[in-house]
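Here are some short exercises with worked solutions. Keep the model open beside you as you go.

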Amino acid sequence: MTVFPEDRYIQVGDIKTRYWSKGRRGAPVLLIHGIGGYVESWTPTFEALALHHRVLAVDLPGHGRTDKPLDLPYTIEYLAGFVAEFMDALKLRKAHIVGHSLGGAISTRLTLRHPHLVDRLALVGSAGLGKEGSIFLRLATIPGLGELFTRPSLAGSRTAIRMGMHEGTTITEEMIQIDFAMNSIPGAQQAFLRTLRANVQLSGQKESMYVPNTEELPTIRRPLLAIWGKQDHVIPADHASVVAKALPGAKLHLMDRCGHLPMFEHTEEFNRTLLAFLEGQAARSFWR
């Protein structure tokens, strides 16, 4: 069984917030999970980063073991502001920001609204770069249907994780048990649906989620890496081209035989690519 870092908690405004922190050397790195995620979503990467950096991962509001108030807006704008407040609460003046899926949209908005907090920006299968997205998530925005789809169960957790992968060979019972436990926390299902419906509708990602990011993307003056699974069926890999067009100097890394969870499906390649970027290597843009 995996030995996880110690859970830590800090008060961010009115929200009791869980996070992990490890490592003392190198520039700090903050990991931001996707919708329905939690700090354990970074398990394959956390320890590898901690060998070279002070690395932190946070449970966003409504997620993991962080508080789940149902009166929050849960929009990208709100969540980016929350991350800024989290960094302030920890007296974290600047960090490399790594965001996956919804966390990528949040990380982009954070960089646009609070550029002084961001050193380098890495987006992993990022939302917030276009309208397209998973049909399952879009259907779950329908009242009643979403409540049925997201009712906590071991089978549901297994299916959700499998949908995020190309082959599913790296799924473990431990991953399923963790996901089920997190989904079963009181208020978790309601907070997930509020987050989803604040940012996604039946036709796709809402304009409030992606239009500010895509229109303002060319103003970003930070090194940027986009990592994508070529067979990502949650957020299409074509969205990486939005980054390439807006920021010709951005680094792009496309992984073959890989879905929405490259940190689990191709851990060694993912960690190597991310670490190289954070350490200022791989100076040219590339596709694989």
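A residue is buried under 20% relative accessible area, exposed over 50%, and partly exposed in between (1.4 Å probe, protein chains only). This is a predicted model, where local features need pLDDT of at least 70, side-chain atom pairs count only at pLDDT 80 or more, and totals for chains, interfaces and linings use all residues. Residues are numbered from 1 along each chain as its sequence is written, and side-chain values use heavy atoms, with hydrogens and water left out.

**Exercise 1.** Place Thr219 and classify its exposure.

*Solution.* Start with the location: Thr219 sits in the loop between α9 (207-216) and β9 (224-229). Helices (H or I, at least four residues) and strands (E, at least two) are DSSP runs, numbered from the N terminus. Next, Thr219 counts as partly exposed because its relative accessibility is 49%. Finally, look across to Leu247: 28 residues separate it from Thr219 in sequence, and the C-alpha to C-alpha distance is 8.7 Å.

**Exercise 2.** Compare the span of α8 with its expected value, then find its buried residues.

*Solution.* Helix α8 covers residues 188-199, which is 12 residues. The expected span is 1.5 Å times one less than the number of residues, giving 16 Å here, and α8 reaches a close 17 Å from first C-alpha to last. Its buried residues include Phe192, Leu193 and Leu196.

**Exercise 3.** How confident is the predictor overall?

*Solution.* Confidence per residue is pLDDT, from 0 to 100. The protein's mean pLDDT is 95, with 97% of residues at 70 or more.
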